[in-house]
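Welcome! Take a moment with the sequence and the fold shown here, and then we can walk through a few spots together.

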Amino acid sequence: MGITEHIHLKDAAKIYILTWQFILVRFVLMLVTIGISILYFSSAFGIVLSRIGVENLVNAVLSIGAMSGATYFYWHAYKLFSNYVMYLVKGAHIAVITEYIQKNKKPGWKQLINGFNMMKDKFLSISVLFVVHTILETVLKEVHTRLMKLGEWAKLPKALTYILSGTINTAIAFIDEAILAYMFTRKNEDALKSAKDGLILYVKNWLWILVAAAILSIVVYGAMAFGGIYIYFEGIPFSSLNLILQSIYSVLTVGIVIILYSGLVQPFMEIAIIVTYLKEIKGQSPDLGTFDWLKSNSKGFRDLVSAKAVEHLMGSKKPSP
């Protein structure tokens with residue numbers, strides 16, 4: 001089989017277009033989140049500065065404390081929103097993607113309803129979903145830490161180490177979504193067992209997932225860098241602006257690039273990794289060699305296969321109904 005048999009960007013683009021309703025909903029949710037963030041912080045900080053101020057040391061300390069408290073509250077509220085609303089929307093999207101790859105069933109106008117119905121049928125309680133999400137986050141942190149240590153051991157230039165890290169991070173950043181897709185293929189199987197097997201298959205097929213991630217990284221990040229630089233220097237005659245307008249324009253440029261990437265580009269990268277993963281593992285089953293390697297090298301994976309650890313996480317991470 002040639003490399004073209006393993007690269008599925010065309011399929012990813014097709015699915016991206018077919019599931020445009022989910023792409024739109026996710027983009028709107030992101031914009032709403034940004035809008036709420038701006039409104040919240042501008043209001044909170046405005047109230048703090050107008051009511052308390054920074055006229056003296058005591059007031060300055062009180063203002064900093066109030067702003068810190070407001071930021072802490074917002075961060076936890078955002079995480080709650082992200083974990084519930086954003087993650088469930090993403091899960092419904094992945095359910096529709098998985099059904100299309102498995103059954104070639106095109107998402108219709110009711111794809112949003114169908115996606116959430118599939119989520120409900122698969123997960124009677126979303127507690128398990130959050131346990132899996134938490135454990136996989138631990139695995140990702142372990143992989144990134146090991147990669148950076150490997151770069152230091154091999155005495156690679158820092159720039160090269162970060163390039164490799166970025167490429168591999170693209171491959172592992174969507175492991176959560178890919179494993180969730182695998183869980184949707186295992187209709188009547190225990191969710192934690194599906195997550196364990198899905199992670200084994202992900203590692204077993206690391207090569208082509210990494211190749212897909214490398215291609216995506218080169219194309220996407222290269223285009224973003226070129227587009228950002230062009231907009232920054234050519235969009236408005238930059239040299240004719242004063243320092244304040246230059247600063248505002250710089251922030252707006254970065255903001256626009258981040259919004260476009262997070263809302264439109266990142267979902268495509270997510271779909272591409274999921275498609276590559278599901279197509280590569282077709283007909284495969286988890287093997288003992290990969291299982292033993294993961295168990296030896298990842299505490300997060302050991303937690304996943306440890307009933308005691310999972311029960312502990314279920315108790316500490318279980319969300320309210």
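## A partly exposed valine and its patch

Val28 has a relative accessibility of 42%, so this residue counts as partly exposed; the buried class ends under 20% and the exposed class begins over 50%. Keep in mind as you read that this is a predicted model.

Val28 is part of helix 2, which covers residues 20-51. On the surface, Val28 joins Trp20, Leu24, Val32, Ile36 and Trp109 in making a nonpolar patch of about 650 Å².

## An enclosed helix

Now let's turn to helix 7, residues 175-185. Here 11 of the 11 residues are buried, so the helix is largely enclosed by the rest of the structure. Among these buried residues are Asp176 and Glu177, along with Ile179, Leu180, Tyr182, Met183 and Phe184.

## How helix 7 meets helix 8

What is the angle at which helix 7 and helix 8 pack? The angle is about 120°, and the axes of helix 7 and helix 8 (residues 191-204) lie 9 Å apart. That angle makes helix 7 oblique to helix 8, since the roughly perpendicular range runs from 65 to 115 degrees and roughly antiparallel means over 145. The crossing of this pair, helix 7 and helix 8, is right-handed.

## A link to helix 3

Phe184, one of the buried residues of helix 7, also gives us a way across to Val96. The two residues are 88 apart along the chain, and their C-alpha atoms are separated by 9.6 Å.

Val96 belongs to helix 3 (residues 57-103). With a relative accessible area of 4%, Val96 is buried, because that class takes in values under 20%.

Conventions. Residues are numbered from 1 along each chain as its sequence is written. This is a predicted model: local features need pLDDT of at least 70, side-chain atom pairs count only at pLDDT 80 or more; totals for chains, interfaces and linings use all residues. Side-chain values use heavy atoms; hydrogens and water are left out. Patches are made of residues with over 30% relative accessible area and no salt bridge: like charges are joined within 9 Å, nonpolar side chains (Val, Leu, Ile, Met, Phe, Trp, Tyr) within 5 Å. Accessible areas come from the Shrake-Rupley method with a 1.4 Å probe; for residues, only the protein chains shown count as cover. A salt bridge is a side-chain nitrogen of Lys or Arg within 4 Å of a carboxyl oxygen of Asp or Glu. Helices (H or I, at least four residues) and strands (E, at least two) are DSSP runs, numbered from the N terminus. Buried means under 20% relative accessible area, exposed over 50%, partly exposed in between (1.4 Å probe, protein chains only). Axes are lines fitted to C-alpha atoms, for helices over the stretch in contact, and angles run from 0 to 180 degrees between N-to-C directions. Angles under 35 degrees count as roughly parallel, over 145 as roughly antiparallel, 65 to 115 as roughly perpendicular and the rest as oblique. A crossing is left-handed if the near helix is turned anticlockwise from the far one by less than a right angle, and right-handed if clockwise.
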